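Colleague: Please take a close look at a single part of this model and set it out for a reader who is new to it. A connected account would be most helpful.

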Amino acid sequence: MIYGGIKMSNKVCVIGAGASGIFAAISARQQGADVFILERNQKIGKKILATGNGRCNFTNVDATDNNYNHPYFVKSVFEQFGPEQTIKYFESLGILPKVEDEGKAYPYSEQASSIVEVLLYELNRLDIPIIYDSFVEELSIKNNDYIIKTTNKQYNADKVILTTGGKALPKSGSDGNGYQIAKKLGHKITPIFPSLVKLNLDYPYLKQMDGVKVKAKAQLVHNEKVIHEEFGDVLFTKYGISGPTILQISRTANQLLLEGQKIYIRVILINDLEIYELVKRFKNLGAKPIEMALVGLIPRKLIHPILKEANIHNYQLNTASLSGKALKRVLDVLYNWQFLIIDSKGYDEAQVTAGGVDLDLVDQMTLESKVHKGLYFAGEILDIDALCGGYNLQWAWSSGYIAGKYAGK
């Protein structure tokens, strides 16, 4: 409606009903806007349901801008709506947080479905329509109005919030379509690659090691220097390596692989024993075969691969008969086992996409495009990401809230 030459209504279209899209829609509606959501799936929040192994690590109470790849940009958003406001908002919806180690917060029910359920209730309460099975094929602008063309229908809006996600976990609906939409509207997309993902290794004994989980230190090695280090569960698989420590390392690894760099993962199996203690152990067990001298020290399935790596193929050789050089090779593997990384399991198994819409063309206070007035971005589509621990979902909530707030005004 136009009154006295001024447009009185504010119709906001949110494209994508993931975490950031849902928050953007609610926030815009709270500003009095007429909001509707276009969602390509038949349900909202599919990726939310997959987080935290179904428990949904929905935020991190200790999250700061320094946990992200572009702190300066995140800081402007967090100063307006950060983890504290997120916790309070979800509490108002009935979600009691259970805070665990390293600040990770889960719903007290330990069910990701609880998060989706209360958000869907809120969308319905605020009378925000969700139009399902609506894949956006094209977004264009005509006479300051946005025209959104889907596979089924065409829609018009005064403002659009693009929350289509990245390319990670495509079965949730994230296939990178949002990048193409943004690019056609004049936005640069920085190089994208999978993050928080399992890694493929080039190593001959992986099948023998498949399924072994150890508590170890994992180091990413580039040009013989350690550039990222984590400690925790490491899982060997028939294709390579996985576990929480590896997921944390994978972002840096994939970025270097994208640049054509040669990189290694170093696994330090022995972390709380000095070398002299192991030398003493081998001396005391000198009458035993070297194979048996390793039993009780490391998982059984790793013994043969380690001895092969140390160029020892006679497993029944008495430990006392080992040359000093052979013993040193065994110790080197236990303290410095290196594997060549060749690639990752890709977007199908990645939790997050690194890269996205270039931040230089996005207002860091409002998340509005600097190219087109009335176009906003939130969530994973932007070049913002972080490690595991609830940080990426926190960015989704915060950026969604801010984009919705300013789009809704």
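Modeller: Two strands are said to pair if DSSP finds at least two bridges between them. Strands (E, at least two residues) and helices (H or I, at least four residues) are DSSP runs, numbered from the N terminus. The model is a predicted one, in which local features need pLDDT of at least 70 and side-chain atom pairs count only at pLDDT 80 or more, while totals for chains, interfaces and linings use all residues. Residues are numbered from 1 along each chain as its sequence is written, and side-chain values use heavy atoms, with hydrogens and water left out.

The part chosen is an open sheet of 5 strands with parallel pairing, ordered β8-β4-β3-β12-β21. Its edges are β8 (130-131) and β21 (375-377); each has a single partner strand, so one side of each lacks a neighbour in the sheet. Strand β12 (residues 159-162) runs parallel to β21 and is joined to it by 3 bridges. Within this pair, Leu162 stands opposite Phe377 of β21. Helix α13 (residues 391-408) packs on the sheet and touches β3 (11-15), β12 and β21, where contact means heavy atoms within 4.5 Å. The direction of α13 makes about 175° with that of β12; such angles run from 0 to 180 degrees between N-to-C directions, with axes fitted as lines to C-alpha atoms, for helices over the stretch in contact.

Strands of a sheet pair through backbone hydrogen bonds, either parallel or antiparallel. The antiparallel kind is found in an open sheet of 3 strands, ordered β5-β7-β6. There the edge strands β5 (59-60) and β6 (97-99) each pair on one side only. Strand β7 (residues 104-107) runs antiparallel to β5, and 2 bridges join them; Ala105 in β7 is the bridge partner of Thr59.

Helices also pack on one another: α9 (residues 275-284) meets α12 (residues 324-335) at an angle of about 130°, with their axes 11 Å apart. Residues of α9 in this contact include Leu278 and Phe282, and those of α12 include Leu331 and Tyr335.

As to confidence, pLDDT is the predictor's confidence in each residue, from 0 to 100. The chain averages 95, and 98% of the residues score at least 70. Over residues 1-6, however, pLDDT stays under 50, and the model has 6 contacts beyond four places in sequence for them. Where pLDDT is low, the predicted coordinates should not be read in detail.
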